[in-house]
Each structure stands twice: as structure tokens, then as C-alpha cells.
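Please open the structure in your viewer and keep the selection panel at hand. The tour proceeds by selection, one step at a time.

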Amino acid sequence: MRRLLNEEDIRTLRARKFLMWLFIISSFMFFAALTSGFIIYTAGSADRGLKIVLPHIFRLSTGAIILSSVTMHLSYLAGKQEQLAKQKIYLILTILLGALFFIFQLLAWQTLIREGVYFVNFNASQSFIYIFTGAHLLHIVFGVCILIYTLIGTIKNIPQNRTVFRLEVGSIFWHFIDVLWIYLYVFLLLGQ
Amino acid sequence: MVSATKLDHTVLAHHDHDHHKDTFITKYIFSQDHKMIAKQFLITGILMAVIAMILSILFRLQLGWPDKSFPILETFLGKWAEGGRIKPDFYLALVTIHGTMMVFFVLTAGLSGTFSNLLIPLQLGARDMASPFLNMLSYWLFFLACVIMMGSFFTEAGPANAGWTVYPPLSALPKAISGSGIGMTLWLISMVCFVASALIGALNYISTVLNMRTKGMDMWKMPLIIWALFLTAILGVLSFPVLVAAVVLLIFDRSFGTSFYLSDIVIAGQALPNQGGSPILWQHLFWFLGHPEVYIVIMPALGITSEVISVNSRKPIFGYHAMVYSLIGITLLSFLVWGHHMFVTGMNPFLGGVFMITTLIIAVPSAVKTFNYLATLWRGNIRFTPAMLFAIGLVSFFISGGLTGLFLGNSALDINLHDTYFVVAHFHLVMGSAAIFGMLCGVYHWFPKLFGRMMDEKLGYLHFWLTFIGAYLVFFPMHFMGLDGVPRRYYAFTEFEFMKEWLTVNKFVSWAAIMAALAQVAFLYNFFHSMFYGKKAVANPWHANTLEWTTPVEHLHGNWRGEIPSVHRWPYDYSKPGEKEDFILQTTPFSQTMSSNLPHDFEGDMEAEQIQKNWEANNGVVSKS
């Protein structure tokens, strides 16, 4: 009986992890829709298009988020090997890098505004920059929330295997928003 | 593996703990049990359907008797029906909210929500959904969406009235028409809640189907309804985010002054500053969701019909694999056809041709399904239960409404037919009536599973015939109005000379609509009365094969006492030659049905085939292989 219950539990757990993958798919569709919208809109007339050089701060934010993916993975590996101190440090680093990314994005917005590229804009291609980055930042906030939730777990000393589960689900999402940002950045670069 | 098992146990132990102390609130309100959530979805869906139907009767009154005053309307509607006549703005609001509620609240949440929640765990042998908590959240977001949408009726300016497709600029400029203000804002908030609900639900359904099937239940042993619900959920996951993206841009246009959709607009003689936007962009994004949405509506209904027709014909479903591949085909094609809603937006005719071809190809899987239903019925031992009648009704609507799709899908014919009553007739038959019939069919069929009691058959027959005839009387004449060029959504159609002659037809349609609406009273009485006073159901009242009928009549958390049953065969072994009973449960192993096993049952398992051959030799049966 006990053995059987365990089998059911494994199924449930696998199903819950899979939920994260599905969420990523739907989130990907959301951004696919926005970028397709950009393409359709921009193709509509010669007056439209980015027509600017993107702020260089985007390169810094790209660096920050790639680095955060690395620390995220290191934290997950440490968690699996039950190296608790290392796991916590890398987790905190990831959260900080996430925050840094957030700040870089805000700085990039500032640069855009200084250059006269406003959100309220009759060339909506330029408004789209804010939509892409803003929607992505929401994902960053959500990702950071998951990481903080995991961190609280480690501080409260919940059983290690539960922490590893949270780390695993969290890192799936974190790597996704990393890749997502690279996609958006490359997309914008190709459009400029 | 061992450590992983231990790990999971500790992770889950925490959650399982919470389930057992049920209070009234955790059992009936914030329930995490999939069966209770299914009931919540169903009853909310029915409530929304009744409201949306009443809205339709209101605008039918206007269409049938455009010059007559109904003082009673003023009593109930106040300033929206001053002098007993519905005002034009309110008429548009009625049409808009009727469409929104029917498409999203009734036929998406009410249909998918109810039957996915009820049947996915029960027919696949799972104790509950992948995440019962998210499942609860899904329902309550849906409920919130309903409340907000209803709330818009109580605002000063009235509900949204830009049509259920909320095209900008009507939806993007708060000053455009009366419903563009607070009504539209509430509509958007409501839809955001609804989309969140639908997405969370869909994620849960997919994950459950893929991960939580019981032993032996491989994908090709799943009942067709599960396939349909599964593919519907996939459609939802891929298309609803696109609507969210479109709505996000719309909200910024409405409230922040961006110009994604707006350009060259003059309101009351005053030019707006917005420039450079593209209203067509909204249509692209909206219909990328909008078209899959109509399959989100119809596919669960088709799945329900597959089950009910097979059970009540006492025959295996004809072409199980073809049915699955047709569903997959419809799922894929549904993403490639959105342009057929936009043939007359100035689309490049070549592109229109592409969309026309993809659209017409959908006729192929649809026809495969239709013929398979008919072939299943053919020479079956048919039991005309109310559920069966509704299933057959669905097939009828699917054919008569589907055929007109071939006309509308043609980009040249669409120049004449677009935005006329022909379109209204088409989609009300093929996805409106058909999907509603699928839903009602499901309610009659699974009522014993939902409430442990039977519905009254006689009232069911009355309900069926009045609704079936009523629906045809309402929608069939609309084809001819459409062919004559009568546009949809017109309030005062009698103002146009050539449309005046359609007044009598509109009167007739309105009477038919009133009759069909009254027929629903039979259903509502039957539904709510039987819930408490119906005949007690037995565990497997229809003698069906699927797993849900192996659970006890009274609901218990976790669905099965003790072990979850394993599955040994596909779900459609009805009237198998050589078997005494005319149904064999999916849980019955082949070793218990030696007299009826066929060589292909063993799927190439040589050992099993040998055992079967030996048994046949020993029992003097002429080998079937």
C-alpha cells in the first residue's frame, strides 16, 4: 500500500513540475503575439519602425541576466548535493542579479525618454519597446518572488528535498526568462 | 529512484494533510475537490446561460416588434427602455454581452470547465487534478469574471456595446459610444480574470492528462472525450495569451494615450491626436484567439457526443483513430485560418486565397467526424435516452451549420455574405446550438455521476424536441435574410426600404426564440428538482465502459476506495461478439473475457495470443485469427 501511494505521489509531483513548463509555453505565446503584432504593425507603413539605436544599457542587463542564470544553476547543483551554505549564497546572488537587471531596464527606459522616445508615441513601434521590456519585467518580478519563496524555505530549514523541488521549478522559470530576454533583445536589434 | 520517492512523499505529505477536515466552506465553497469544482462550473455556467438567453429574448423583442411598446420593459430596465422600447445603445449592449457570455462563460468555462474537471480525473484514474489549488483558483477567477460582467449592467452608462469582438476604435476610445466608457473597462477586467481562469484551468487539464493516468491507460486507451478536452486545453494555452497581449495594448490605448490601434479619428467634429495606429492589428490578434476559440467551444461537445453515441448505440465508436487524428487536425488548422474573419478588411487577395484554402480544409476532419458518428449509429442497438437525442441533435446542427461554413469560407462569396444574418445563422447553428446541445447531452448523461441521481426522462424529451425545433426555426430563416443582404447588429432595420419585408420573418423568429426559451424551463426544473428528488442512481446506469462508472455513487475524496483500478482495454468494447454482456469495462482484463477476445486486442503480444489460441483449442472455438 505504501509503495503504491508513493507511485501516485510521484505522478502528482511530476504533474506539478509540468505545470511550470506549460505556463512557460503560454507565456511564450504571449510574447510571440506581441512580437508578431510588432511585425504586422511595422510592416503596415514606412513611417513605422524603431528608427533609433537601442540604449547600450541593454547590453549590461543582458550580461546581468545571463550571469544570474549561471548562479541559479550553481544554486540548484549545490542544493542537489546538499551543500546548504553554497546553495543559499548563490540563491541570494541570483536574486540580487535579478534586481540589478530590473534597475538596468529602468535606466534604459530613462535613456529612451531622454532621447525623446516616449511610450505615448504616434509611431507605436517605439511604444512596443516599452511593452516588451515591461511585460518581461513583470516576469522578472514573478521569478524573483519564486526565488524569495525558495530562500525563505531554506532559512526556515524546510526538508532539503522540498527546497530542491522549489529550486528546480524556480530555475526552469528563471532560465526561461533569461532566454526570453535574449529573444526580445535580438528581436529588437534586428528591428533597428 | 528510492530517494526520489522519499522526497516526493515529504513534499506531498504536507498538502494531503489539509484535505481531510472538511468544513462547509472547504466542502462547498472553496473546495479543491475536482468533482465539486465541476459542479460549481456547471451551475455557474447554467446561470450565465439563462441570463444570456434572457438578453437574447430582449433584443428579439426589438427585432420582432420594432414599433411596439412593452411597458413591462420599462419597469425592469428603467431608462434603457424608456416608453417600453429598448434604446439603440442598450440593444447593442444586449447583443455584445449575449455573445460574450455565451461564447466565454457558458461554452468555454461552463462546458470545458465542467467536463474537464469531472471527467479527466475520473476517466483517467487519478485521485484529483495535478494542482487542486490552482483548480479552485480557476473557478473563483471565472466566478469573479461573471460578477464583474454582470456588474456592468448596474453602471450609469451601461455595459460594453462594441460587439463581442470589441473592435477598436469603439473599444479603445472611452468617449466613442455610451458603452465604451466604464462598461468597456469592466468588460476588459472581466475578460482578464476569465482568461487567467481559462489558462490556469487548461494548464491543469493538460498536466493531468499527460502525467496522471492510471496504470495501463496509455494515450490510445483514453476515451475520445478526454482527447477532445485535452486538445481543447492545448488550444487554450496557445491562443488565450494572444488575447491577453491584444488586451494589454488596448488598455494602453484606452487609458494611457498610446496609438497601437488608433489613427485619424474624429469625434464630434474634433480630431483626436492619435496617429499611426492600426485597427487591423487588433483584428489579427483577436482572431488569432477568436478562431481557435470556436473550436475550444465545439471540440468538448464533439467529444461528449462521441461517448454518448457509442454508449447508446451499444457499438464501438467508428474509427477511433480517425476521430483522434481529426481532432488533432482541427487543432492544428484552427491556428491557420484566422484571416477568414478579415477577408473584407482590405486584405491582399492572394493572402485571402491562402486563408480560404486552409479554411476549407477544415471541412475534411469535420466531415470525417460527422461520418464516423453516423457510421457508429448505423445498425446500432440504439437507446434513445435524452442524452442520446441531444447527441444526435448536435450531429444535425454540425452538418447544417457546417455546410454554410463552406460558403462563408470562400473569400469571394464572403464579399456579399460578410456581416449579414447569414453569418449569424452559420455560427449559431454550428457552434452555438451544436455546442449547447453537446453540453446538455453531457449534463443528461453524467448527471448521475455529478449528483448521484437520475434526471426525469419525459421532461428531457420535451426539452429536447422543443429546443431542437425551436433552434432550427430561429436560425434557419436567418440564412435567407443574410442572402438578401440584411446586416447583423442593426437596431432599426425597418428604416431601410429593402429590409422591411423581413419584418414578418423577424416576428416569426422571435416567437420561435420565445418558445425555445420557455422550453428551457423544463430543463431547469428537471435539473434542480432531480438534484434533490430525482431517482437514486446506480453506479453504472448506462452500462458504460469508462472508469468513472467504477467509482461509488456517493462522492469521496480521492474517488476510489483503496487502489486505483488499472486499465486493460480501450473504452469502446460494446456488443463484442462472444461476450454475454453488451459492455466490457475498461478494467476487465482479457483473461476474464476469453470467449470474446480478438487477435488484434493483444497488440502483438505473442505470448498472450498463444494463450488465447490454446484456450480456443481447448474450448472447441474456431480460431478467429
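A residue is called buried if 20 or more other C-beta atoms lie within 10 Å of its own. The model is predicted, and by that cut-off 40% of the 192 residues of chain A count as buried.

**Chain A as a whole**

Select chain A and display it as a cartoon. Its secondary structure consists of five helices and zero strands, and the order along the sequence reads α-α-α-α-α. Measuring along the principal axes is instructive here: the C-alpha atoms of chain A fill a box of roughly 70 × 35 × 20 Å. Of the contacts in chain A with a separation of 6 or more, 79% are accounted for by residues 24 or more positions apart.

Next, colour chain A by pLDDT. The mean is 90, and 97% of the residues of chain A reach 70 or more. Then select residues 1-5 of chain A, where the pLDDT is below 50. Beyond near neighbours in sequence, this stretch has one contact in the model.

**Where chain A touches chain B**

Show both chains and select the residues in contact across them. On chain A there are 40 such residues, which are in contact with 40 residues of chain B. Which elements give two or more residues to the side of chain A that touches chain B? They are helix H1 (2-43), helix H4 (124-155) and helix H5 (160-191) of chain A. H1(A) provides the largest share, 25 residues. Colouring this side of chain A by residue class gives 22 nonpolar, 10 polar and eight charged residues.

**Helix H17 of chain B**

Move to chain B and select residues 503-533, which form helix H17. At 1.5 Å a residue, the 31 residues of this helix should span 45 Å, the expected span being 1.5 Å times one less than the number of residues. The end C-alpha atoms of H17(B) are 45 Å apart, so the two values agree.

Now display the side chains of the buried residues in H17(B): B:Asn506, B:Val509, B:Ala512, B:Ala513, B:Ala516, B:Phe523, B:Asn526, B:Phe527 and B:Ser530. To see what surrounds them, add helix H3 (34-64), helix H15 (421-451) and helix H16 (457-483) of chain B, against which the buried residues of H17(B) pack.

**Helix H18 of chain B**

Finally, select residues 606-618 of chain B, helix H18. Its 13 residues should span 18 Å at 1.5 Å a residue, and the end C-alpha atoms are 18 Å apart, which agrees. Just after H18(B), select B:Gly620, which takes a positive phi of about 65 degrees.

How values were computed: Residues are numbered from 1 along each chain as its sequence is written. Chains are lettered from A and ligands numbered from 1 in the order in which they are written. This is a predicted model: local features need pLDDT of at least 70, side-chain atom pairs count only at pLDDT 80 or more; totals for chains, interfaces and linings use all residues. Helices (H or I, at least four residues) and strands (E, at least two) are DSSP runs, numbered from the N terminus. A residue is buried if 20 or more other C-beta atoms lie within 10 Å of its own, exposed if 12 or fewer, and partly exposed in between; C-beta atoms are placed from the backbone. Two residues are in contact if their C-beta atoms, placed from the backbone, lie within 7 Å. Ala, Val, Leu, Ile, Met, Phe, Trp, Tyr, Cys and Pro count as nonpolar, Asp, Glu, Lys and Arg as charged, and the others, Gly among them, as polar. pLDDT is the predictor's confidence in each residue, from 0 to 100.
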